[in-house]
Amino acid sequence: MIDTADMLTICRTTYTRVLRTKSLYLLLASVLCLVGAAHLYTDLTCGRQKELMYDSGAALITLVGLLSGLMVTFDIARDLREKVALVLLSKPLGRAHYLLGKFFGVAYLVTINIALVTVGIMAILHWEFGGWKWDFLQVALSTWGSMIMVTALGVLFASFLTELPAALLTLVVFVLGHSWEFLARTGAGIGKILFCVLPNFCLLDFKSELGNTIGVSWGVVLMAVVYALVYSIALLSLSTILFSKRDLA
Amino acid sequence: MNAVETQDLTKEYVTGWRKPVRLMALEGLGLEVKPGLIFGFLGPNGAGKSTTIKMLLGLITPTRGEGFLMGKPIYDKTARERVGFLPEDPSFCAYLSSSEFLDLCGKVFHMDKATRRKRTAEMLALVGLTGKEKTRISEFSRGMLQRIGLAQALMNNPDLVVLDEPLNGLDPYGRKELKNILHRLKREGKTVFFSSHILSDVQEMCDEVGILNRGRMIACGPVKDLVQAQSVKLQVATLSMDVMQKIEPLAKAITREHNRWSIELEDTSKQAQVTDLLREGGAATVEVARGMETLEEFFFRQIARNSRERGFPVPGDEPAEKPGEKIVENKG
């Protein structure tokens, strides 16, 4: 039985903690500067300005989301190292609540950061092209789905590894997840296994279509996001099982 | 109902992939700690004290055996509702202020806001941190960290307080204050279970102690029953040469001190015989003084005996272990 009060307590504390990370503000400020400078692309893109702006916008959202999502690996490891986890888990707090609280705290940060950057990009697009480009929201939403999966992957690896291996493995899976179609073509062996197990980040990548003004229906985008959420739930379930068996020495 | 109870509690680690090495951290621990006592959990480094404490609190899964806290099995998280815990060398949530951290602990115990606020103020006053409510924990000294650690352990007004090396990092004043707090908890009927290397403090504070050596409990019981009367000193006003000659082979030393004869015996076994000889010789005993063994002496004696019996080097007699070197129990 999941006690939402316990989970929310950990979620709020995690959010407070990651919010106090100074490097995050530096990153956000840099990204917002890049977004602000996006209208300079006019002179550089030889007529393909919109495609490039969608591309770079999606890249910026991915960068912010990825770095925010990866914070979960460092946060859990730090809690264990500083014995905060020992103190909290020696109280009547379930390990699953702790881990899910961590996930939701960082997922909330990912959501806020992606929303902030999206608003900035949407404003620039509005300024450059006139009128609101609502289809960019599809890029933002699908990227958000990817980053929720990244956060869940981070939780999974942090549940049994220390911070650096956990963060590196998360990045490796993120990269391999974008090579899903390549893995699908490798008929047998480890490629086939990875194809069956790894998350398919290609499913959530619509920036090329939208940048080239190829319409994507909201239904497809939402289905891709549902895939990301279901996959994340599976990852979190596995994480709670692994973490419940871990000796917290 | 015991405050802490374990039956055959065992933890074995298996390390290494290619050639797995078995490491016995704790072996068949049977322990009963009655409520309302201060129980000292002793042992050299690597004896298994912290492993036991972490198993009791559900942080480490036992390989076999079971444990109970206030009658509830250790795997049941509700068992920890009435328990407070201070880990060894904690650093806590450095980004929170002391009051925010205690508030977080209160939330985990599902306390309402008013209760949390009240308990936070009470706990900060108890550990001498009033006025530091807004200070970030990252700015705390080692001693202050121990104090805030104790405050969080007592936040839920627990019936059982488990402290892992609570005296570490405290100056003499801090140690005195901590001892006062532990005595106060005892007066309130609470059970204190703590590990420490400072044996003089343990002897002073604890009702009962348990001593672990290389994963095995080698002595357990009330302190006064464990430490032995080591020597006996009889003082008599007069002592004839005849009686002195009879007593001499039985005594460790016979000396003259301030118009009194002092007869020192190695232990109590010969006390009755010497007393009879004195009585027969007409020498009245003025005073009998017993030299008690300290807990530290008892501890060293037990560890040395147990180590020799099990074929391990006696700590202190061996070259210092390299940092990180693991003690491996040979399981045959």
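In the predicted model, Phe39(B) and Phe41(B) deserve joint description: Phe41(B) is buried, with a relative accessible area of 0%, and Phe39(B) is likewise buried, its relative accessible area being 0%. A search of the whole structure returns twelve aromatic pairs over all chains. Among them is a tilted pair in chain A, in which Trp132(A) and Trp134(A) lie 6.2 Å apart centre to centre with 35° between their planes. Trp132(A) has a relative accessibility of 46% and therefore counts as partly exposed, whereas Trp134(A), at 53%, counts as exposed because the threshold for that class is over 50%. Phe39(B) and Phe41(B) also form a tilted aromatic pair, with a centre-to-centre distance of 6.4 Å and an angle of 40° between the planes. Both 6.4 Å and 40° satisfy the criteria for this class, because ring centres must lie within 6.5 Å and the tilted class excludes planes under 30 degrees or over 60 degrees apart. Together with Phe193(B), these two residues make up one aromatic cluster.

Charged side chains are also placed over aromatic rings. In chain A, Arg95(A) lies over the face of Phe243(A), at 5.8 Å from the ring centre. In chain B, Arg214(B) is found over the face of Phe312(B), with a distance of 4.2 Å from the ring centre.

Chain B contains ten helices and 14 strands. Its radius of gyration is 25 Å, well over the 20 Å that the globule rule gives for 332 residues, so chain B is more spread out than a compact globule. The C-alpha trace of chain B spans about 80 × 55 × 40 Å along its principal axes. Of the 332 residues in chain B, 50% are buried. Among contacts in chain B with a separation of 6 or more, 70% involve residues 24 or more positions apart. The accessible surface of chain B amounts to about 16300 Å², and carbon and sulfur atoms account for 49% of it.

The secondary structure of chain A consists of eleven helices and zero strands. Buried residues constitute 52% of the 249 residues in chain A. For contacts in chain A with a separation of 6 or more, the share from residues 24 or more positions apart is 78%. Chain A exposes about 10900 Å², of which 73% is supplied by carbon and sulfur atoms.

One position in chain A was examined individually. Ala29(A) is located in helix α2, which comprises residues 22-36 of chain A. With a relative accessible area of 39%, Ala29(A) is partly exposed, because this value falls between the limits of 20% for buried and 50% for exposed residues. Ala29(A) and Val155(A) are 126 residues apart along the chain, and their C-alpha atoms are separated by 26 Å.

The association of the two chains was characterised through contacts and buried area. In the interface, 31 residues of chain B are in contact with 26 residues of chain A. The size of an interface is often expressed as the accessible area lost when the parts come together. Between them, chain B and chain A bury about 2600 Å², and 59% of this area is on carbon and sulfur atoms. On the chain B side, the residues that lose the most area to chain A are Leu59(B), Tyr95(B) and Val108(B), which together contribute 27% of what that side buries.

How values were computed. Residues numbered from 1 in each chain as written. Chains lettered and ligands numbered in written order. Heavy atoms only, no water. Phe/Tyr/Trp six-rings, centres within 6.5 Å; stacked < 30°, edge-to-face > 60°. Buried < 20%, exposed > 50% of the residue type's maximum accessible area, 1.4 Å probe, protein only. Lys NZ or Arg CZ within 6 Å of the ring centre and 35° of its normal. Helix = DSSP H or I, 4+ residues; strand = E, 2+ residues; numbered from the N terminus. Rg over C-alpha atoms; globule rule 2.2 N^0.38 Å. Contact = heavy atoms within 4.5 Å. Areas by Shrake-Rupley, 256 points an atom, 1.4 Å probe, with all protein chains shown as cover. Buried area = accessible area lost by both parts, 1.4 Å probe.
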